[in-house]
Amino acid sequence: MKKALILGITGQDGSYLAELLLSKGYEVHGMIRKSATGNTKNIKHIMDKIILHKGDLTDSVSIYKIIDNVKPEEIYNEADQDHVSWSFDTAGYSYDVTGSAVGKILEIIKQVNPKIKYFQPLSSNVFGVPDESPQNENTQMRPQSPYACGKAFAYLLCKYYRDVYGMNVYTGIFYNHESIRRTDEYVTHKITKAAARISKGLQKKLYLGDLSTKVDFGYAQEYMEAAWNIMQLDKPDDFIICTGEIHSIREFLEEAFRAVGLNADDYVEYDKKLERPGKTGDLIGDFSKATKAFGYEPKVKFKELIKMLIENDLKEAEKEIRESSI
């Protein structure tokens, strides 16, 4: 039985990854922060099947203890400050957790057991304002936020430990990936939740910033399957994971409201405070390298993804109505 350690197991990606590894017969360990101990809903249904360890990416001692005690064959780092907008206000924390913490983890692995396979998720945001479209694994990085800068630093650290020490460091450059486990701090879930609540009379307006930003939207569960496939390759490498389709936030908004029979323009208002200081260009990826390496093909795309999110948020809205009437 293989042992895997997931840092950030309570989040969207970490919880889907835990389910996947359990289905493949792994002994699954996860690190949980003190601030996440009250937020285990994503893993509540598998708590009896996984082993949790207390730790934090900002505390190297806890990371060392967990890795040394568990002795995993595979480590997946799904823990960071992954909210772009938040990173502008928490730049120092974002640099530490998203960037430099990766170097500390890799240094610990080098000391404990350099043969451990390590997976680092990156973000399409590292390309920022790209000089080519679609982007590939060799596209120049031009990050436009503290979060993206942290991810770019993480990428360089991964390359360094792979090239200089020959360590098994794998990366996936993930484009936006959504699911019903996304919190409504993210614009996609903010939109689908609002559409559902407005359609049920629970909300009147939705306030958004720039709607022109274009994004390659994918499904988180599929991307975690890709992460596992990447880690099964004999040679560590970097891979773009995306759908190869691009849609604006406005398109996402209109499709979400259309799904509940409403016209978005009747309910949405612009709020300048929600604009980001740094704007990205058109982020759309080329996943052909992943297809060639392990047969990756995205299945859930734009309309199906929105339908999935809306159906879940409608159920949540109906639940809210039932509970308020008790």
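Which residue follows α6 with a positive phi? That residue is G201, with a phi near 75 degrees.

## Basis of the report

The model is predicted, and local features need pLDDT of at least 70, side-chain atom pairs count only at pLDDT 80 or more, and totals for chains, interfaces and linings use all residues. Residues are numbered from 1 along each chain as its sequence is written, and side-chain values use heavy atoms, with hydrogens and water left out. Helices (H or I, at least four residues) and strands (E, at least two) are DSSP runs, numbered from the N terminus.

## Helix α6 and its cover

The 13 residues of α6 should span 18 Å at 1.5 Å a residue, and the end C-alpha atoms are 18 Å apart, which agrees. The expected span is 1.5 Å times one less than the number of residues.

Residues T188, H189, I191, T192, A194, A195, A196, R197 and I198 of α6 are buried, meaning under 20% relative accessible area (exposed is over 50%, partly exposed in between; 1.4 Å probe, protein chains only). Their cover includes β7 (177-178), β8 (206-208), α8 (249-259) and α10.

## Packing of α6 on α10

Two packed helices are described by the angle between their axes and the distance between the axes. For α6 (residues 187-199) and α10 (residues 302-324) the angle is about 50 degrees and the axes are 8 Å apart. That makes α6 oblique to α10. Axes are lines fitted to C-alpha atoms, for helices over the stretch in contact, and angles run from 0 to 180 degrees between N-to-C directions. Angles under 35 degrees count as roughly parallel, over 145 as roughly antiparallel, 65 to 115 as roughly perpendicular and the rest as oblique.

The crossing of α6 and α10 is right-handed, that is, the near helix is turned clockwise from the far one by less than a right angle (anticlockwise would be left-handed). On the α6 side the contact (heavy atoms within 4.5 Å) uses H189, T192, K193, A195, A196, R197 and S199, and on the α10 side L309, I310, D313, L314, A317 and E320. These residues divide into 6 nonpolar, 3 polar and 4 charged. Ala, Val, Leu, Ile, Met, Phe, Trp, Tyr, Cys and Pro count as nonpolar, Asp, Glu, Lys and Arg as charged, and the others, Gly among them, as polar.

## Packing of α4 on α5

Helix α4 (residues 91-112) and helix α5 (residues 146-165) pack at about 15 degrees, with axes 7 Å apart. That makes α4 roughly parallel to α5. The crossing of this pair is right-handed.

From α4, the contact residues include Y95, G99, V102, G103 and L106, and from α5 they include Y147, G150, F153, A154 and L157. The full contact of α4 with α5 divides into 13 nonpolar, 5 polar and 3 charged residues.

## Helix α7

In α7, 9 of the 12 residues are buried; among them are Y223, M224, W228, I230 and M231. At 1.5 Å a residue, α7 (residues 220-231) should span 16 Å, and its end C-alpha atoms are 17 Å apart, which agrees.

## Two loop residues

G281 is in the loop between β13 (268-270) and α9 (288-294). Its relative accessibility is 17%, so G281 counts as buried. Beyond its neighbours within four places in sequence, G281 is in contact with G128, V129, P130 and K214.

P143 is in the loop between β5 (117-123) and α5. At 26% relative accessibility, P143 counts as partly exposed. Neighbours within four places in sequence aside, P143 is in contact with N125, V126, G128, A148, C149 and A152.
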